[in-house]
There are 4 protein chains.
Amino acid sequence: MNTRPLFIPVILGTVRQGRASENVAKFVFEQVKKREGVETEFVDIRELKFPGHDAGEQIKDTSFSQLCERADGLVLVVPEYNHGYPGMLKHVLDSNLKEYIHKAVGICGVSAGGFGATRMIENLLPVMRELGLVTIFWDGNFSGAQKLFDENGAIHDEETYVKRIDKFLGELVWMSKVLRYGRENISL
Amino acid sequence: MNTRPLFIPVILGTVRQGRASENVAKFVFEQVKKREGVETEFVDIRELKFPGHDAGEQIKDTSFSQLCERADGLVLVVPEYNHGYPGMLKHVLDSNLKEYIHKAVGICGVSAGGFGATRMIENLLPVMRELGLVTIFWDGNFSGAQKLFDENGAIHDEETYVKRIDKFLGELVWMSKVLRYGRENISL
Amino acid sequence: MNTRPLFIPVILGTVRQGRASENVAKFVFEQVKKREGVETEFVDIRELKFPGHDAGEQIKDTSFSQLCERADGLVLVVPEYNHGYPGMLKHVLDSNLKEYIHKAVGICGVSAGGFGATRMIENLLPVMRELGLVTIFWDGNFSGAQKLFDENGAIHDEETYVKRIDKFLGELVWMSKVLRYGRENISL
Amino acid sequence: MNTRPLFIPVILGTVRQGRASENVAKFVFEQVKKREGVETEFVDIRELKFPGHDAGEQIKDTSFSQLCERADGLVLVVPEYNHGYPGMLKHVLDSNLKEYIHKAVGICGVSAGGFGATRMIENLLPVMRELGLVTIFWDGNFSGAQKLFDENGAIHDEETYVKRIDKFLGELVWMSKVLRYGRENISL
């Protein structure tokens with residue numbers, strides 16, 4: 001069996017100024033980095049500078065596509081806007097297709113209110129599936145995100161969140177490993 | 001009772017090059033124009049030029065907000081991308097909030113394949129609701145949209161589609177009228 | 001304008017033994033009863049005894065259909081089971097159709113966990129719409145429902161929940177009134 | 001690697017009289033039987049006789065639970081009722097939990113109308129995920145199901161549907177195999 005490290009980038013899925021999701025994404029990124037046998041990278045969709053005048057595979061950003069191509073799994077850190085996903089994240093995700101197929105994804109939802117962005121996660125599920133991604137059945141939920149971190153971006157209740165994200169990443173790593181085995185060894 | 005004409009703009013909800021939705025939106029726009037007691041306007045979100053570096057109410061486009069403010073109902077013409085809604089449409093919609101409350105919306109789904117973009121419509125429902133819009137229970141469904149029109153943008157099977165959109169608009173006009181009555185006469 | 005009281009029954013949407021939703025439904029029912037100009041009734045779907053061997057309009061229960069026919073709005077009190085709605089509630093709801101059209105519905109979600117059954121509410125939205133119901137954009141959310149009530153079924157944090165349900169009912173009454181006006185005065 | 005045949009039962013997910021889904025389920029069942037290396041069984045939820053007076057794990061039917069426990073993947077054949085899933089199917093599915101974890105599921109949607117029950121499939125996705133099932137990204141779609149079969153239950157356009165279901169089953173078998181490998185060889 002393949003013993004190469006898994007590659008699981010963390011994608012910060014909003015461009016909005018003052019986004020609380022940035023702290024969440026950095027926190028989750030640190031947790032992924034600690035995992036043995038996992039390599040990661042931090043992707044801020046604000047840095048990708050996708051054009052707003054077209055969409056879909058026509059606006060492929062080579063470096064983003066290559067990153068998705070290389071990935072065995074993805075962590076998406078995503079705020080909830082009006083019970084849906086951020087438009088710019090969808091704009092970016094739609095630019096790839098075959099790059100995602102038979103890979104795992106775990107979603108960390110970020111909300112101002114108390115429900116952990118669960119509605120955004122439900123809203124993303126059909127999109128993930130159509131992209132060929134397998135959404136694991138653990139989520140990260142960051143309710144009241146503006147108050148979860150101190151001014152240096154350190155999470156207040158570290159123990160709780162480290163434990164939860166550990167469980168989430170355990171499942172994501174498992175699914176990433178299993179699907180990689182499938183892609184490499186089991187023919188369709 | 002208010003006898004002012006209803007204002008129901010038609011919004012073309014994609015910026016993608018070669019969008020089949022443009023023909024659909026123009027066709028639907030013509031049908032709305034024929035309705036007595038209804039005024040309309042054609043809005044192409046490509047023309048709105050929303051910035052991609054921020055999101056939400058921070059990027060309000062005054063003319064679009066005023067249009068939504070004035071509207072009694074909306075027609076959204078929207079293609080299905082990966083079983084979800086186009087990112088740029090969500091980006092635009094998220095820039096308003098109170099402008100939409102207690103108004104009606106009807107959705108025309110546009111798909112390359114055979115299922116009338118029904119999955120995109122389901123995906124939009126929770127967003128519409130959170131924006132305060134009431135989604136009517138008739139949809140416009142334009143399957144196989146690339147082949148529905150001739151090179152001049154005229155719809156091939158005019159009779160069928162005129163009849164269907166007539167039913168759709170009947171319901172949308174009804175709901176727009178009813179909700180306008182409520183906004184103007186019934187206190188919360 | 002019609003000054004008859006609105007009729008807004010409260011439907012307890014689960015048959016499960018030990019259901020925490022029963023306390024929630026009774027609490028909400030008391031709040032509806034206090035509203036001036038509103039009549040209500042308590043419906044426990046366990047009492048309806050729908051057969052399990054068929055489904056849809058074939059198993060119409062006359063008294064339930066008449067109640068829906070008479071209603072101007074509905075309150076559904078519904079637990080979340082596996083991120084969806086209870087099967088028996090859907091079984092019951094599917095037995096009517098025209099009885100619901102152009103009426104308002106407000107959903108109170110009940111969950112053992114912390115997210116107020118928001119996922120169940122998202123899951124119900126397309127069904128409500130297809131039934132012709134308008135789902136208002138306020139919900140009741142009862143997280144950790146097993147611990148919200150004392151052994152006599154009295155809610156611990158009464159003030160908070162009375163206030164929230166008051167807002168929810170304000171919106172539901174408004175929408176019920178507006179749609180009744182529409183049904184009675186505005187032709188399609 | 002495990003060379004035992006995969007076990008992939010076909011579940012007919014409605015109890016309704018006159019259900020067109022029965023023909024679909026039988027047709028799909030025949031296709032599964034032809035697959036080398038796959039064992040199957042036909043499960044009609046009407047035969048399971050789940051009680052309607054309770055729900056969840058309290059009403060476990062031992063034989064159904066054991067079947068799910070043994071399964072490596074599931075085919076669900078499900079009609080769309082009011083844009084959602086049949087209540088009795090949810091009632092049955094909710095009776096298990098750990099039996100489903102890390103197994104594959106493929107959904108065949110059955111509709112009277114023209115959209116292949118896509119809305120029901122979207123509605124099932126969050127439930128499948130919470131049950132621990134991985135929904136593959138091919139579906140079976142049977143539009144206009146009442147007219148797809150002759151009076152003996154033979155499908156009219158056999159070639160088309162055999163080809164489509166073949167693709168669907170190819171993906172389902174792949175995912176079932178991959179996840180079985182994971183369950184048996186990769187620790188969480």
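Me: By what turn and shift can chain C be laid on chain D?

Reply: Copies are superposed by least squares on the C-alpha atoms of residues with pLDDT of at least 70 in both. Here, a turn of 180 degrees and a shift of 0.0 Å along the axis lay chain C on chain D with an RMSD of 0.0 Å. The two copies are thus related as by a two-fold rotation axis. In chain C, the C-alpha nearest that axis belongs to C:Gly87, 1.9 Å away. Keep in mind that this is a predicted model, where local features need pLDDT of at least 70, side-chain atom pairs count only at pLDDT 80 or more, and totals for chains, interfaces and linings use all residues. Residues are numbered from 1 along each chain as its sequence is written, while chains are lettered from A and ligands numbered from 1 in the order in which they are written.

Me: How many residues of chain A are in contact with chain D?

Reply: Contact means that C-beta atoms, placed from the backbone, lie within 7 Å. By that rule, 18 residues of chain A meet 18 residues of chain D. Helices (H or I, at least four residues) and strands (E, at least two) are DSSP runs, numbered from the N terminus. On the chain A side, H6(A) gives the most, with 7 residues.

Me: And what does C:Val75 touch?

Reply: Leaving out residues up to four places away in sequence, its partners are C:Ile8, C:Val10, C:Ile11, C:Val28, C:Val32, C:Gly106, C:Cys108 and C:Leu172.

Note on methods. Two residues are in contact if their C-beta atoms, placed from the backbone, lie within 7 Å.
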